Amino acid sequence: MAYVGFTFLDGQTRDPTADDAVRFTPIELRVIALAERIDATREIDAGSRLGRFVEWAAGIRLPRPLADQRLETLRRFASLARHHADRVEEADIAEMHRAGYSQGQIRGLFDYLSHDHPSIA
């Protein structure tokens, strides 16, 4: 009987290793930690009309995207993997590849963030 895989990481040319998963810089690890706490899908775009109105009416400053596009891509993917793992799509994986992350890094990050982890008190 043939096996048909339905995960977004099927068909990769080599298996990711633990070495791939840990190849994040210290700043990337901080971005991942930030993404674990904040659901990026619930953010209001500060440049949108609604965002400008909220800033004007409430007198608060909405969060801005990270200045480094590579880190912003990592933050959005990590947040999506942590808070909405079932909504990660091929386009999200392709965006991570375009940002320069390896298949192993992407898979390791997804595997780590997509499971519930007990908080350390």
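This is a short walk through a predicted model, one selection at a time.

**Stop 1: the whole chain**

Start with everything in cartoon. You should count 6 helices and 0 strands, so to speak an α-α-α-α-α-α pattern when read along the sequence. Now switch on a surface. The accessible area comes to about 8500 Å², and carbon and sulfur atoms own 56% of that. Of the 121 residues, 31% count as buried. If you like contact maps, here is one number to keep in mind: among contacts between residues at least 6 apart in sequence, 67% join residues at least 24 apart.

**Stop 2: helix 4**

Select residues 69-83, which make up helix 4. Put a distance between the C-alpha atoms at its two ends and you get 21 Å, in agreement with the 21 Å expected for 15 residues at 1.5 Å a residue. At the start of the helix, show Asp68 as sticks: one of its side-chain oxygens comes to within 2.8 Å of the backbone nitrogen of Arg70.

Which residues of helix 4 are buried? Colour Leu71, Glu72, Thr73, Leu74, Arg75, Phe77, Ala78, Ser79, Leu80 and Ala81 and you have them. Bring back the neighbours to see what lies over these residues: the cover includes helix 2, helix 5 and helix 6.

**Stop 3: three polar residues in helix 4**

Stay on the helix and pick out Glu72, Thr73 and Ser79 in turn.

- Glu72 has a relative accessible area of 5%, so this residue is buried. Beyond its neighbours within four places in sequence, Glu72 is in contact with Pro65 and Leu66.
- Thr73 counts as buried too, at 7% relative accessibility. Leaving out residues up to four places away, Thr73 touches Glu95, Met96 and Ala99.
- Ser79 comes in at 1% relative accessibility, which makes it buried. With neighbours within four places set aside, its contacts are Ala35, Ile38, Asp39, Ala40 and His84. Try a C-alpha distance from Ser79 to Leu34 as well: 8.3 Å, across 45 residues of chain.

While Thr73 is still on screen, add Arg98 from helix 5. Is Arg98 buried or exposed? Exposed, with a relative accessible area of 64%. The C-alpha atoms of Arg98 and Thr73 are 9.5 Å apart in space, and the two residues are 25 apart in sequence.

**Stop 4: the nonpolar core**

Next, hide the polar side chains and look at the largest nonpolar core, which has 19 residues. Select Leu74, Phe77, Met96, Tyr101 and Leu109, the members that touch the most other members. Two or more core residues come from each of helix 2 (26-37), helix 4, helix 5 (90-98) and helix 6 (103-113). Helix 4 gives the most, with 6 residues. As background, nonpolar side chains tend to be buried together in soluble globular proteins.

**Stop 5: Tyr101 and its ring partner**

Zoom in on Tyr101 and expand the selection to its contacts. Not counting residues up to four places away, Tyr101 touches Phe24, Glu28, Arg70, Leu71, Leu74, Met96 and Ile106.

How many aromatic pairs are there in the whole structure? The search finds 2. One of them is Phe24 with Tyr101, a tilted pair with ring centres 6.1 Å apart and 40 degrees between the planes. Phe24 sits in the loop between helix 1 (18-21) and helix 2, while Tyr101 sits in the loop between helix 5 and helix 6, so the pair ties together parts that are 77 residues apart in sequence. Phe24 and Tyr101 are both buried.

**Stop 6: the pair in helix 3**

Finish with Phe53 and Trp56. This pair is tilted, because the ring centres are 5.9 Å apart and the planes meet at 40 degrees. Where do Phe53 and Trp56 lie? Both are in helix 3 (residues 49-58), 3 residues apart, which means about one helical turn between them. An α-helix has 3.6 residues a turn, so residues three or four places apart point the same way.

Put the surface back on to close the tour. Phe53 is partly exposed, with a relative accessible area of 48%, whereas Trp56 is exposed at 67%.

Conventions. Residues are numbered from 1 along each chain as its sequence is written. This is a predicted model: local features need pLDDT of at least 70, side-chain atom pairs count only at pLDDT 80 or more; totals for chains, interfaces and linings use all residues. Side-chain values use heavy atoms; hydrogens and water are left out. Helices (H or I, at least four residues) and strands (E, at least two) are DSSP runs, numbered from the N terminus. Buried means under 20% relative accessible area, exposed over 50%, partly exposed in between (1.4 Å probe, protein chains only). Contact means heavy atoms within 4.5 Å. A nonpolar core is a set of buried Ala, Val, Leu, Ile, Met, Phe, Trp, Tyr and Cys residues joined through side-chain atoms within 4.5 Å. Accessible areas come from the Shrake-Rupley method with a 1.4 Å probe; for residues, only the protein chains shown count as cover. The expected span of a helix is 1.5 Å times one less than its number of residues. A polar contact is a pair of N or O atoms within 3.5 Å; within protein, one must be able to donate a hydrogen and the other to accept it, and residues adjacent in sequence count only if both atoms are side-chain atoms. Rings of Phe, Tyr and Trp (its six-membered ring) pair if their centres lie within 6.5 Å; planes under 30 degrees apart count as stacked, over 60 as edge-to-face and the rest as tilted.
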